[in-house]
Every structure is written in C-alpha cells, then in structure tokens.
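Dear colleague,

I am handing over the structure that we spoke about, and below it you will find my notes on what turned up in it. Please read them with the model open beside you.

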Amino acid sequence: MEPSHIEENKSLNFIEEIIDNDLKEGKYDSILTRFPPEPNGYLHLGHASSICLNFGVAKKFGGKTNLRFDDTNPVTEDTEYVESIQEDVQWLGFEWANIFYASDYFDQLYDFAVQLIKQGDAYVCDLTSDEIAAQKGTPTEVGTNSPYRNRTVEENLQLFADMKAGKYKEGEKTLRAKIDMTSTNMLMRDPLLYRIKFAHHHRTGDKWCIYPMYDFAHGQSDSIEKITHSICTMEFVPHREVYDWCIDKLGIYPSKQYEFARVNVNYTVMSKRKLKQLVEEQHVAGWDDPRMPTISGMRRRGYTASAIREFCDRAGIAKREKINDISLLEFCVREDLNKISLRRMAVFNPVKVIITNLENEIVLDIENNPEDETTGYRQVAFTKEIYIEREDFVEEPQKKVFKMEVGKTIRLKGAFIVTCDSVVKDVDSNIREIHCSYHPDSKSGQDTSGIKVQGTLHWVSVQYAVPVEVREYNRLFKVENPNAEEGDFKEYINEHSLDIIPTAYAEPELANATLNDHFQFLRKGYFYLDKDSTKDKIIFNKTVGLKDGFTKK
RNA sequence: UGACCGAUGGUGUAACGGUAGCACAGAAGUUUUUGGUGCUUUUAGUUGAGGUUCGAAUCCUUGUCGGUCAACCA
C-alpha cells in the first residue's frame, strides 16, 4: 500500500510526521496502532484525545487500530469498565480492527519470562517490597545488586515454576529483569517482571497466581500484535528504555513507542484516580454525572461525539504540558449544537401574562431550526394565558434593555407583538400577572403592522405547558488547576456545581423528547434529555449556555 | 545535587535557515423575530544571554523556568 494522501494545507502533528516519514521510507507497508486502556475506570476527555489520535492516524494513513485492554492487575479491574470502554469508543465513532486483552497473552508472556531466565536476563528475587525499594537507590544515588541476582538458571527456572504453581505467598518472591542497578533510569534498575497475586481475574479467573507487570506486558503485547506505532503519554518516556530492552532481548517484532503530552482542561481534573475518588466519595452522582469530564458524563450532559472529536482536533498533539481552556470545548459543543438542535421554548421562573384582547387560541407554525430549514415547523398554540420569565419583566424602565415593561411593546417569539398595559400585584406587591394586548396584524412571518420592537421574548402557554425538571451545571472546581493547589484537590470542589430547577414550564412538544434529540431552549442554552427521565418526570440537562453578548455595558 | 522531556500572544497550536500564521478567549462594528447564529475589523507572542549565518522561533553553547522518574499500579 502506498503512503496515503494528506491534505496539503493542514500541517501534521509530530506523530503524523513520524508515520508519514516511516511510510515514505518504506519502513512499513501499513501501520497498526492500538488504544490500550486498563479496565479500572471510565474513559475521560484525555482518553478521547488518545482515541482520536490512535484511531485517527490509522485512518488517515490507511492503517488499522486494535482495542486492547491492559488487564494485568486483577485487583483493580472489572468487566463493568470493559463494557463502558467499548461503548465509549464506539459512541465516539471509531471502529477497532480487533479487540484483544493483555490477558490473552499470559501463556506467551510466561514463556517469554522463561526465555529471559534461560538467557540469564532475569532472576527470581526474595527481597521484600521495602528491601527492593531500599536497594533501588534514588534518582541521584545508584542502587545495589540484589543478593539473589546471581542464582543459577536452573534454580531460577525452578523457583519461577514454583511461583506459578502457587508455592509462595504474595510478596514473597518476584521475577526481576537483570539489567543495571546503576542506570540513571530508575526503571532500568532490575525492574519487576512478575509478582504473585492470588486474585481472581475478570477473564482468566483463578488460572494464574502470578501476573506480569506493565513493563513486561505492554511492549510484548504490542509486539505480538505487530503494532507499528505504540502511542502513549509522556509519563511513559522512561519506560521506553525497558520497552526496547525487552523486545531486544526476546528478539521479537520491534514495535516502537512514541509519547505525547496528555490533555488537561481547566476547572476540572483529568485523572482516573481522582475521578474515581469523586465517584466513590460521592462528590458526584457517578462516573456519568454530567459534571464529570468522562465520555459517559459528557454524553449524558448532551455533548456530541463530533464536538468532542473537534475539540481533540483543535487542541492538537504536542509534547509540552498544557491546560486547555474549557471555552474551547464549549465553543466546539455550541458550534455543533447550533447546527443540529431543535429550537424550543421553556420558562424556568414564570410570571403569568394575560393577553386581554385574545379570546380563542391561535395555532402558530414555528420553525424548528433557523440553521436547517429541512427540520420544518412545529405547531404551537398561542393562548390567552402565557408564561414569560419573571426576569424578562422590569418595573423600572432601563435603556437598552430588551425586556417587557409597562407601556412598552415587544415581540413574543414566533407569535405576535404585544403591548404591556398594566401589572396586577398582590398585597406584598409581588407581581401576580401582567396584562398585555396583542396586535393581530403582527403575526410572525405575516407582520403588516409596521411596528418596530426592541426585543423578543420566549414564552409558553399556561394551558398546554408541561412541567419539567431542569438541571444546570457549573464548573466542578473553583480553581483553574486543582492539581497545582496546596492540599487535597477535593478542597477546591465547587459546591454550587449543580442547580436544580424542580419545575420549569416547557412547550408540550418537549414531552416527546428522546435521547436522540438535542434542543436549544431559546435564549437559554442547549439542553438534552437526562437518561433517568420517565413519563411522569421529565428531566433536562443543560449542556451549555448560549454565548452571552450581554456582557457589554 | 542526577537523568529524561519541554518552553511561540491570556489559552492551545503552526513555521522544517528566508514575510511569526491559525483557532479559542477578549475588544469594536454590522445583521438579526434568540442579547444566539452569520459577517467585518481589531488587541496581543518567539524564556534570558552569547554564538554560527547574508539571514535564526528554527542550528550551537550556556543560564532560567516547568514537567517526569525512587508503586509487587498502568
């Protein structure tokens, strides 16, 4: 296969450049990448970036991508995560060539270990965890050799077989690579290859009581699958030396590792460990809480896969530490939702308006989406009693305010121009109702009144409105970078990250909303049906607000 | 007092020794039956110091700053 055609005008990121060169030099006929999550948590936006990169470059250069679960630590892994990860990858719009598990390779990995032992490149060590740490040295001091380093091949073979047979307790023995205790790379100081764990594995059950470490599983798994470009994040840079060492000693297919910097976004955290804490300590309602930067949380909130892909694309791939501005993500979400969302009206904090000169209801046809005329129109009844937002009525006249006030004339979206005549207050001088008269010749689309108005308000019919719960979300953390602050990151959780409006009034069409629909509530923002909605309790999540041009003085 | 990785507007990202560009954010204007959208304009940048070169964001030296590494995690 020939190297593919790249759009001339768009520059390649450094990974794509490497691949492009490899292909041009004929180093590979085609490329194969992999996305290798550990099934110990839900995927987040950082993973989305990795997914887009791995699947994206393969697609771009005519290659393929495997999904491989890096399941070498049975105590933290679970099938729940395996399932959510598959769902998330597919939802994002990617197809894997194969789905594999590192645990598929346990037999072969065991044989690899035996091979290293026979070559004199690995040994069984009896040191405890603490002892190993002590003789490992520090980044500035070399380590010292284990007293078990020079066991004979025969002895090592027997000991390793006994480890596998379950003759030793956890922590009693490990298999270590014999590399160099004086290396400036701590990971090259005789890294552990296998450890004993009497744990039930989600796929291999109780077959094994020894499990390979990351460094003895990942590179070999890549090699077994003949992955050409193994792309991971920067913290694995020092592991590359071990990765290459294993492949070299084993004499197997030389997959190559490349590293890029992980994606961060301000006002949130992007680490599985921290997200897990938020879930387990119930700071959020679950992995798919709409405030979470997880794929499932964003999906539930109403973000689209294409918006997330666009964000990953715009955020780019590089090697430097970076914290993206959340506003870029929100821009991508709005950009997509503006095009596809159906326009609807909902009033969150109602005040009643009486159209004094209207007796019989008038059925209006209102456009579903001005950005897409193929979505057509819906029918909405204009009735004598309607709700508008309480905040859309002002008692004190203000200049340049597009709201209703006594004596002022404004338009009701998709309906008529109305003039506000008076207000009725209760004994506590709260506004009970507002009296308006409508101009019959100002019907939307057929306006012959010639009246110019300053402002258009959204509204719903009192008679036909359906009550819905609305959930609005704010940033999860009060500070831009919770990781950089003093103390525990959870001290910076924003306690006002969720606002619930128990009863908002929505136009009746919204009672038929499904998880396939994205809505824009006019002048409010984008909303998406929550998956926990029922017939009797309809819940909408605010995906993101409209851009607010009102900030000017 | 180590090794490795990195440093371009507020943020993110281009440039491959030859005009520092793009996007987001910000500002101004315009259109508008959403204070949305669209359109126009605009503010703002090469980590410091040396060197190589006709010419350096780019190459070299050195300083500074940030990140990573001492889990039987991945």
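In this predicted model, a search of the whole structure finds 24 aromatic pairs. One of them joins Tyr387 and Tyr505, whose ring centres lie 4.8 Å apart and whose planes meet at 40°, so the pair is tilted, being neither under 30 degrees nor over 60. This pair links distant parts of the chain, since Tyr387 belongs to strand 15 (residues 385–389) and Tyr505 to strand 22 (residues 498–506), 118 residues apart. Tyr387 counts as buried at 15% relative accessibility, whereas Tyr505, at 23%, counts as partly exposed. Elsewhere, ring pairs link Phe106, Tyr110, Phe160, Tyr194, Trp208, Tyr211 and Phe216 into a cluster.

Rings also meet charges: the charged end of Arg299 sits over the ring of Trp91, 5.1 Å from its centre, and that of Lys524 sits over the ring of Phe348, 4.3 Å from its centre.

Turning to RNA strand B, there are 63 residues around it, of which Glu17, Arg320, Arg343, Ser444 and Arg523 come nearest. A polar side-chain atom of Arg343 lies 2.4 Å from a base oxygen of the RNA strand, while for Lys197 a polar side-chain atom lies 3.1 Å from a phosphate oxygen. With Gly171, a backbone N or O atom lies 2.6 Å from a base nitrogen of RNA strand B. The largest share of the surface near this strand, four residues, comes from helix 12, and the residues of that surface divide into 21 nonpolar, 21 polar and 21 charged.

With best wishes

Technical notes. Residues numbered from 1 in each chain as written. Chains lettered and ligands numbered in written order. Predicted model: local features only at pLDDT ≥ 70, side-chain atom pairs only at ≥ 80, totals over all residues. Heavy atoms only, no water. Phe/Tyr/Trp six-rings, centres within 6.5 Å; stacked < 30°, edge-to-face > 60°. Helix = DSSP H or I, 4+ residues; strand = E, 2+ residues; numbered from the N terminus. Buried < 20%, exposed > 50% of the residue type's maximum accessible area, 1.4 Å probe, protein only. Lys NZ or Arg CZ within 6 Å of the ring centre and 35° of its normal. Near = heavy atom within 4 Å. Polar contact = N/O pair within 3.5 Å; in protein donor to acceptor, adjacent residues only side chain to side chain. Nonpolar A, V, L, I, M, F, W, Y, C, P; charged D, E, K, R; others polar.
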